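Thanks for sharing this one. Here are a few notes to read with the model open beside you.

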Amino acid sequence: MSFYVENESGAEFSFSIEETVERVAEAVLESEGCPYETTVNVLVTDDARIREYNREHRGIDRATDVLSFPNIDYGERAGFDRAEEEAAGCFDPDSGELILGDILLSADRVREQAREYGHSELREFAFLIAHSMLHLCGYDHMEEEEAALMEKKQGRILEELGITRD
């Protein structure tokens, strides 16, 4: 699996963002039964930049904590077989890896939300990566039932990794 992580915000954390992305993303992919080696791009940015992306891509003119841009139109959650149907745009021709998509995460929001929720920045960062990875696997939270399912999966994954609300 390939994870490309860029920290354009320059924010420093007490943990390795690269290692955290890899651990959490791999745990999500394993829990979802992804049969492919994958590629995920992660950009850690700030509130100003994520606000631009949010305005550009979603028509919402405010900062947010994380944005997910899935590369696959699953049709159903974790329907990875759909990638083979759309193979031309889903697999990297050089590596053969499934290109899941992009994650943009605001370092400002990681810090702010960690303080607000009373847990570590590691826990908030990992939560947002798990949340976004589930989006890259075809999950959404527009309906109450979907939101509950995502919450349950995120909580279980972080608990299994020992990343709790300490």
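The points below cover the core, one leucine and the pocket.

1. A reminder before the details: this is a predicted model.

2. The largest nonpolar core is a good place to begin, with 44 residues. L98, L100, F125, I129 and M133 have the most contacts inside this core. At least two of its residues come from each of α1 (17-31), β2 (38-45), β4 (98-106), α5, α6 and α7 (144-160). Helix α6 gives the most, nine residues. A second core of six residues lies apart from this one, and includes L43, Y53, L67 and L104. In soluble globular proteins, nonpolar side chains tend to be buried together.

3. Do have a look around L98. Beyond its neighbours within four places in sequence, L98 is in contact with ten residues you can click through: C34, Y36, E37, T38, T39, I72, F80, A83, C90 and F91.

4. Is L128 buried or exposed? L128, which lies in helix α6, counts as buried because its relative accessible area is 1%, and the cut-off for buried is under 20%. Leaving out residues up to four places away in sequence, L128 touches D65, V66, L105, V110 and Q113. Its C-alpha atom is separated by 14 Å from that of Y139, eleven residues apart along the chain.

5. Finally, the largest pocket, with a volume of about 620 Å³. Of its 30 lining residues, R58, V66, H131, H135 and H141 are the closest to the centre. Two or more lining residues come from each of α2 (47-58), β3 (66-70), α5 (107-117) and α6 (121-136). By class, the lining has 13 nonpolar, nine polar and eight charged residues.

Methods:
Residues numbered from 1 in each chain as written. Predicted model: local features only at pLDDT ≥ 70, side-chain atom pairs only at ≥ 80, totals over all residues. Heavy atoms only, no water. 1 Å grid on protein atoms, 1.4 Å probe; cavity = no way out; pocket = protein on both sides within 12 Å on 5 of 7 lines; lining within 4 Å. Points joined across faces, edges and corners; volume = space filled by probe spheres on them. Helix = DSSP H or I, 4+ residues; strand = E, 2+ residues; numbered from the N terminus. Nonpolar A, V, L, I, M, F, W, Y, C, P; charged D, E, K, R; others polar. Core = buried A, V, L, I, M, F, W, Y, C linked by side-chain atoms within 4.5 Å. Buried < 20%, exposed > 50% of the residue type's maximum accessible area, 1.4 Å probe, protein only. Contact = heavy atoms within 4.5 Å.
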